[in-house]
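Visitor: I would like a close look at a single part of this structure. Please take me through one helix and its packing partner.

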Amino acid sequence: MIYKYIIKYILSSVFLISIDLIWLLLIIRSKMDFWLIVLMREEVVVWSAFFAWLLIPLGIVLLIDRNSKSIKESAIYGAIYGFCLYGVYEFTNYAIIKSWSLSMLFLDIIWGTLLCSITAVFLRYVSKKWLG
């Protein structure tokens, strides 16, 4: 039983990190550089980013996948989870960081909502197909 959760966690982590890296490095990076240039470190603290990436799929496996009974429910619950998770982060940053823009706030919340939803759907599909 526990091995299924470990496999689900590994699969959802690889899926989520891969998609998010494409988003961050190829799509949104230039906008983030522009918005946050005064706040950004010269070097990314990789272990911290990696830890954040490991927490998101943990929530998807333990909260979404365990409680969803269909792909549709996985999509809906994943979207709610992503909206709440990214919403807390974005609205907090907007409240305390002067250069945090509304467009960045909304763009990242939409991205997080979509990312968590498609990761939950991916996990549900793979779980049904290969893990029974």
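Guide: Here is a walk along one helix and its contact with another. The model is predicted: local features need pLDDT of at least 70, side-chain atom pairs count only at pLDDT 80 or more, and totals for chains, interfaces and linings use all residues. Residues are numbered from 1 along each chain as its sequence is written, and side-chain values use heavy atoms, with hydrogens and water left out.

The protein chain has four helices and zero strands. Helices (H or I, at least four residues) and strands (E, at least two) are DSSP runs, numbered from the N terminus.

Take α2, residues 46-65. This helix has 20 residues and reaches 28 Å from first C-alpha to last. That is close to the expected 28 Å, taken as 1.5 Å times one less than the number of residues.

Buried residues (under 20% relative accessible area, 1.4 Å probe, protein chains only) in α2 are Trp-53, Ile-56, Pro-57, Gly-59, Ile-60, Val-61, Ile-64 and Asp-65.

Now the partner. α2 packs on α4 (residues 102-131) at about 60 degrees, with the axes 10 Å apart. Axes are lines fitted to C-alpha atoms over the stretch in contact, and angles run from 0 to 180 degrees between N-to-C directions. The two helices are therefore oblique: not under 35 degrees, not over 145, and not 65 to 115.

Which residues of α2 and α4 meet? Contact means heavy atoms within 4.5 Å. From α2 come Ile-56, Ile-60, Val-61, Ile-64 and Asp-65. From α4 come Cys-116, Thr-119, Ala-120, Leu-123, Arg-124 and Ser-127. This contact divides into seven nonpolar, two polar and two charged residues. Ala, Val, Leu, Ile, Met, Phe, Trp, Tyr, Cys and Pro count as nonpolar, Asp, Glu, Lys and Arg as charged, and the others, Gly among them, as polar.

Conventions
Buried means under 20% relative accessible area, exposed over 50%, partly exposed in between (1.4 Å probe, protein chains only).
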